[in-house]
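The following exercises ask the reader to work through a protein model step by step. Each task is followed by a worked solution.

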Amino acid sequence: MASKFDICHVITAKWEGGWSDHAADPGGKTMYGITQGTLSAYYGRPASVAEIRGLSKETAKAIYRSEYWDRVAGDVLPAGVDLCVYDFGVNSGPSRAVKSLQAALGVKADGWIGDLTMTAIRKTDARKLVNTLCDRRMAFLRGLPTFAVFGRGWTNRINDIRARALKMAAGGNPVAVPAPAIVPPGSNAKAEPAAVEQKTVSPEQKIGGTAGAVALVLGPVAAFWRDNKDVLSDPLFLGVAGVLAVVVVILVLRRPKAVEAAP
């Protein structure tokens, strides 16, 4: 008998396809939906292009099991909800998928499924949760700059996942849902926000930053002088301070030198 993971994975794997290297895909080079970065993390070392191109379906499935399915706690999720969260996680990252699930449930979105999340899931109709998750996922995708490129493929993918997940939630067989006649290209593109741009600092900004740092240091000194200037400017205080300074200099100059050992 097929496991929950096997049932969901065969659906997601269809949408992930094989080799892909689209210039607009933030995932870069992928094989069976596994990015070069994900494979490197799995191996614990940088994976070469040859290794990602030569990735076997068996290894890809093992990665999906440990890094995605287990990460979203697929085994304990209700039928249909498991497919929605798993496919979302594969496409946009497991943490984002779990947080979206938690937001839909109204619990703390920390990215980890625990007792509170599971309690909320048990109190929620699975079919309602499937629709809410798919709606939230589509809203997230529409906000990505790459939606103009991959939006058609993503939309078809989520429509298919929704239909199959609803069938599962009702106790039916997801494979019985007809597959799309044409799978638009780009449905396997990683749906992730663009990387944060590293801003360069202009000379003017550097000068401004330096001035700010100087002000930060001199500010307390100026405040201390303002509050104690009467004492600090008193001739008697200045005389005592001058004598102490001379004593310190003499003591430093008279400090005995270390004697080198004879050869």
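The exercises go from the whole chain to single helices and then to single residues.

This is a predicted model, in which local features need pLDDT of at least 70 and side-chain atom pairs count only at pLDDT 80 or more, while totals for chains, interfaces and linings use all residues. Residues are numbered from 1 along each chain as its sequence is written, and side-chain values use heavy atoms, with hydrogens and water left out.

**Exercise 1. Confidence**

Task: Determine how confident the prediction is, and where pLDDT stays under 50.

Solution.
- Step 1. pLDDT is the predictor's confidence in each residue, from 0 to 100. The protein chain has an average of 80, and 72% of the residues score at least 70.
- Step 2. Over residues 195-229 pLDDT stays under 50, and the model has four contacts beyond four places in sequence for them; contact means heavy atoms within 4.5 Å.
- Step 3. Residues 258-263 also stay under 50, with zero contacts beyond four places in sequence.

**Exercise 2. The chain as a whole**

Task: Describe the secondary structure, burial and surface of the protein chain.

Solution.
- Step 1. Helices (H or I, at least four residues) and strands (E, at least two) are DSSP runs, numbered from the N terminus. There are eleven helices and three strands in the protein chain.
- Step 2. Their order along the sequence is α-β-β-β-α-α-α-α-α-α-α-α-α-α.
- Step 3. Buried means under 20% relative accessible area, exposed over 50%, and partly exposed in between (1.4 Å probe, protein chains only). Buried residues make up 34% of the 263 residues.
- Step 4. Among contacts with a separation of 6 or more, 61% join residues 24 or more positions apart.
- Step 5. By the Shrake-Rupley method with a 1.4 Å probe, where for residues only the protein chains shown count as cover, the protein chain exposes about 15700 Å², of which carbon and sulfur atoms supply 62%.

**Exercise 3. Helix 8**

Task: Compare the expected span of helix 8 with the distance between its end C-alpha atoms, then locate its buried residues.

Solution.
- Step 1. The expected span is 1.5 Å times one less than the number of residues. For the 17 residues of helix 8 (residues 126-142) this gives 24 Å, which agrees with the 24 Å between the end C-alpha atoms.
- Step 2. The buried residues of helix 8 are A126, L129, V130, L133, C134, R137, M138, F140 and L141.
- Step 3. These buried residues fall within an arc of 165 degrees seen down the axis, so they line one face of helix 8. The arc is that of the directions from the helix axis to the C-beta atoms.
- Step 4. The exposed residues K128 and R142 lie on the face turned away from the buried side.
- Step 5. The cover over the buried residues of helix 8 includes helix 5, helix 6 (94-105), helix 7 (115-122) and helix 9 (147-169).
- Step 6. At the start of helix 8, the backbone nitrogen of R127 has a side-chain oxygen of D125 within 3.2 Å.

**Exercise 4. Helix 7**

Task: Establish which residues of helix 7 are buried and what they pack against.

Solution.
- Step 1. T117, M118, A120 and I121 are the buried residues of helix 7.
- Step 2. They cover an arc of only 160 degrees around the axis, which puts them on the same side of helix 7.
- Step 3. D115, L116 and R122 are exposed on the face turned away from the buried side.
- Step 4. The buried residues pack against helix 6 and helix 8.

**Exercise 5. Two buried residues**

Task: Characterise the surroundings of D87 and C134.

Solution.
- Step 1. D87 is found in helix 5 (residues 81-92) and is buried, with a relative accessible area of 0%.
- Step 2. Beyond four places in sequence, D87 is in contact with T12, R137, R157 and I161.
- Step 3. A polar contact is a pair of N or O atoms within 3.5 Å; within protein, one must be able to donate a hydrogen and the other to accept it, and residues adjacent in sequence count only if both atoms are side-chain atoms. The D87 side chain makes such a contact with the side chain of T12 (2.8 Å) and with the side chain of R137 (2.8 Å).
- Step 4. C134, in helix 8, is buried at a relative accessible area of 3%.
- Step 5. Beyond four places in sequence, C134 is in contact with C84, I158 and R162.
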